[in-house]
Amino acid sequence: MIQFLGDVLGYLLDPSNWTGARGLFSRIWEHTSISGLGVILAGLLSLPPAVLLAHRRRGEFLAVSAVNLGRALPSFGVVGVMFPITLSIAALTSPLGYWATLIALVLLAMPPMFVNAFTAVRDVDDSLIEAARGMGMSESRVLLGVEIPLGLPLIMAGVRTAAVGVVATATLGAVVGYGGLGRYIIDGFAQGNDVLIFVGGLLVALLALATEVGFGWLEKKVDPLRSRRIRPPRIPTLRDTGIRTHP
Amino acid sequence: MPNVPAIEFRQVEKIYPGSSAAAVTDLSLEVAEGETVALIGPSGCGKTTLLKMVNRLIEPTAGMIRVFGNDVRSSNPVELRRGIGYVIQQVGLLPHRTVAQNIGTVPELLGWDDRRVWARVDELFDLIQLDPELRDRYPSDLSGGQRQRVGVARALAADPPIMLMDEPFGAVDPIVRKALQQQFLEVQKRLGKTTVLVTHDIDEAITLADRVAILNLGGILEQFDPPMAILRDPANAFVMSFLGHDRGLKRLSLLPISSVKLVKGPAVSRSASIEEAREMMERWGVDWIALADGDVLHGWVPGEELDGASDLASLALRRFESWLTSDASLLDALDVVVSSRTSAAAVFDGDRYLGMLSAETIGREIVT
Ligand SMILES: Nc1ncnc2c1ncn2[C@@H]1O[C@H](COP(=O)(O)OP(=O)(O)OP(=O)(O)O)[C@@H](O)[C@H]1O
Ligand SMILES: [Mg+2]
């Protein structure tokens with residue numbers, strides 16, 4: 001056991017394993033870049049409709065479906081289903097595995113983002129929205145100035161869940177011929193090299209953890225109600241400065 | 001057009017979708033400019049619905065609502081609302097904005113520059129006597145009473161000619177409520193806004209409003225009159241039961257002391273003799289005597305201290321603990337009189353002593 005961990009450490013400490021087109025740096029980049037892109041695309045595709053539908057108090061059905069869809073489709077299945085489809089669509093694009101993986105990741109990330117964003121906006125206290133409207137805020141102002149800021153922590157929680165799932169699932173990209181950290185696992189199995197498998201698994205786990213922690217921090221950061229609690233009460237009045245502060 | 005009502009409901013009806021019963025039924029009512037009208041009635045009688053139809057948060061199913069003569073349907077709802085102060089039933093301060101930002105919301109929406117917004121916020125802090133240190137706090141840091149005041153300040157921010165207030169002093173304890181009501185009256189005296197105020201509390205309606213609209217379930221207007229007229233002539237059994245048993249006492253709260261005749265009371269001049277004092281006490285059937293000359297009230301002494309005294313001037317005088325100013329209400333007076341040893345209260349106009357108010361005088365007003 002000690003021997004094995006020593007081998008793993010040895011592998012990680014050997015600079016030659018980090019550089020080059022098949023080195024750790026390049027695999028980590030492949031892994032994170034496709035994950036990041038997947039999350040961004042999923043966000044662009046799911047967040048705007050989610051907040052708009054929730055603002056209009058419509059699309060409850062869609063939200064429920066998204067929850068079920070997210071539960072019903074195991075991520076590996078998505079990759080498996082998507083690969084043949086994207087294969088035909090993207091037949092001319094080299095490396096095919098890239099598109100299959102990306103689309104799978106986007107599909108994987110959309111449901112939790114949609115559900116959280118929808119719930120976040122829908123659950124903002126009705127009386128606040130009524131007060132906002134009653135003061136003469138336009139619909140877009142109600143959404144951007146009240147519903148989204150107040151829903152932001154929950155929206156970000158959805159993004160976090162999605163991102164962690166994406167980082168973990170991007171590993172499967174290697175199965176369909178894309179790179180990423182999954183390569184170490186696949187190659188490890190092929191070569192009967194446990195050290196490689198372990199290195200791949202370890203790095204994926206660390207990456208997922210970093211994602212979790214990073215987004216968790218961001219979530220607190222954007223909470224309009226939390227950030228004010230750490231803020232000490234400010235005594236000097238705005239009258240002195242004529243400057244507006246934002247929480 | 002001089003006498004256009006500030007708000008006019010004409011045969012307004014509201015039936016919510018999916019509901020068979022009307023929330024508001026064929027209601028017509030006018031609110032004059034500068035007037036405060038209270039809407040009162042049991043829970044669910046359509047008070048909030050009525051209010052929200054003015055700023056188009058709710059559209060009536062029939063009838064028409066005019067604001068300064070213009071059909072509200074002809075205005076853009078967003079612009080209409082910016083010109084009407086609205087205090088919602090749940091206060092509804094935005095929790096992610098500071099107190100100052102909350103108050104400055106409408107001016108900001110109207111595109112005022114920052115300097116003007118903040119100057120206005122300062123003014124409002126002053127007006128509602130809110131501690132300026134609270135400017136940069138958040139609504140969750142405020143007490144219930146402070147929140148409600150901020151809610152009112154927020155509605156007043158852009159100086160709208162019309163205020164709609166849905167139970168603005170609802171969620172606070174009776175003492176804070178009294179203070180807020182008092183403040184409302186003072187502010188209203190200065191600003192003279194046309195105000196429609198919803199309340200559950202008949203005493204609040206009577207104290208604050210120029211006219212009171214009493215509504216029944218289904219949004220049926222039972223009576224719409226000044227408080228005094230409602231207390232004197234309730235239109236029907238519903239109004240009567242709504243006013244409660246202490247209708248007479250409520251009337252007292254509306255009558256100032258100056259509306260009744262004060263009596264000289266058991267009072268003699270300081271230079272009067274002990275005999276004259278005893279005679280006066282006997283005449284009034286009391287065991288004390290007041291010493292007064294013209295509009296100066298020197299004080300009073302208990303009857304037993306007259307025994308053995310040589311003259312009145314040598315006696316130690318007690319101050320009247322129970323005294324009132326002439327603008328106090330008869331209800332205040334009753335309170336003072338009943339709880340005082342002398343069962344009469346001295347009434348002053350500033351330093352000038354006017355006379356005494358006895359329990360009998362007040363009692364006569366309750367009966368009539
Ligand atoms: N959005 C709505 N949809 C359907 N019915 C409604 C809606 N809002 C109010 N109602 C109904 O209309 C009636 C009047 O409601 P409203 O809120 O105007 O009463 P209210 O006098 O303000 O009551 P409260 O004193 O409890 O605030 C009630 O029967 C209520 O259930
Ligand atoms: Mg109501």
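User: Why does Arg57(A) count as partly exposed?
Analyst: Its relative accessibility comes out at 39%. Buried would need under 20% and exposed would need over 50%, so Arg57(A) at 39% ends up as partly exposed. Keep in mind that this is a predicted model. You'll find Arg57(A) in the loop between α2 and α3 (60-72) of chain A.

User: What makes the phi of Arg57(A) worth a mention?
Analyst: Phi of Arg57(A) is near 55°, a positive value in a residue other than glycine. Most residues other than glycine have a negative phi. Chain B has a case too: phi of Gln11(B) is near 45°, again positive in a residue other than glycine. Gln11(B) sits in strand β1 (residues 7-14) of chain B.

User: How do you know that Glu279(B) is exposed?
Analyst: The cut-off for exposed is over 50%. Glu279(B) has a relative accessible area of 56%, so the label exposed fits. Look for Glu279(B) in helix α12 (residues 274-284) of chain B.

User: Why is the surface patch formed by Glu275(B), Glu276(B), Glu279(B) and Glu282(B) called negative?
Analyst: Check the residue types: the patch is formed by Glu275(B), Glu276(B), Glu279(B) and Glu282(B). Asp and Glu count as negative, so a patch formed by these four Glu residues gets called negative.

User: What makes the patch of about 820 Å² a nonpolar one?
Analyst: Again, go by residue type. Val, Leu, Ile, Met, Phe, Trp and Tyr are the nonpolar side chains here. The patch is made by Met1(A), Ile2(A), Leu5(A), Phe198(A), Leu202(A), Leu206(A), Leu209(A) and Val213(A), so its members fit that list. Helix α9(A) gives the largest share, 5 residues, while α1 (2-13) and α9 (194-222) of chain A each supply at least two.

User: Why is Met1(A) called exposed?
Analyst: Patch residues need over 30% relative accessible area, and the label exposed needs over 50%. Met1(A) has 73%, so Met1(A) passes both cut-offs. Met1(A) is placed in the segment before α1 of chain A.

User: How do you know that Glu30(A) forms a salt bridge with Arg27(A)?
Analyst: The closest N and O atoms of Glu30(A) and Arg27(A) are 3.0 Å apart. The test is a side-chain nitrogen of Lys or Arg within 4 Å of a carboxyl oxygen of Asp or Glu, so this pair passes. Both residues lie in helix α2 (residues 24-55) of chain A, 3 residues apart, about one turn of the helix. Both are buried as well.

User: What about Asp307(B) and Arg278(B): what makes the meeting of their side chains a salt bridge?
Analyst: Here too the N to O distance is 3.0 Å, and the limit is 4 Å, so the pair qualifies. Asp307(B) lies in the loop between β13 (296-302) and β14 (323-325) of chain B and Arg278(B) in helix α12 of chain B, so the pair ties together parts that are 29 residues apart in sequence. Arg278(B) is partly exposed at 29% relative accessibility.

User: How many salt bridges does a search of the whole structure find?
Analyst: The search finds 25 over all chains. One network of salt bridges links Arg141(A), Arg97(B) and Glu108(B).

User: Which protein donors does the magnesium ion (ligand 2) have, and what makes them donors?
Analyst: They are Thr48(B), through OG1, and Gln89(B), through OE1, lying 1.9 to 2.5 Å from the ion. Donors must be N, O or S atoms within 2.8 Å of this metal, so the two atoms qualify. Thr48(B) lies in helix α1 (residues 47-54) of chain B and Gln89(B) in the loop between β6 (84-87) and α3 (99-103), so the pair ties together parts 41 residues apart in sequence.

User: Why do Thr48(B) and Gln89(B) count as partly exposed?
Analyst: Partly exposed covers the range between the buried cut-off, under 20%, and the exposed one, over 50%. Thr48(B) has 22% relative accessibility, so it falls in that range. Gln89(B) has 34%, so Gln89(B) gets the label too.

Technical notes. Residues numbered from 1 in each chain as written. Chains lettered and ligands numbered in written order. Predicted model: local features only at pLDDT ≥ 70, side-chain atom pairs only at ≥ 80, totals over all residues. Heavy atoms only, no water. Patch = residues over 30% accessible without salt bridge, like charges linked within 9 Å, V, L, I, M, F, W, Y side chains within 5 Å. Areas by Shrake-Rupley, 256 points an atom, 1.4 Å probe, with all protein chains shown as cover. Charge placed at Lys NZ, Arg CZ, Asp CG, Glu CD. Helix = DSSP H or I, 4+ residues; strand = E, 2+ residues; numbered from the N terminus. Buried < 20%, exposed > 50% of the residue type's maximum accessible area, 1.4 Å probe, protein only. Donors = N, O, S within 2.8 Å, 3.2 Å for Na, K, Ca; no water.
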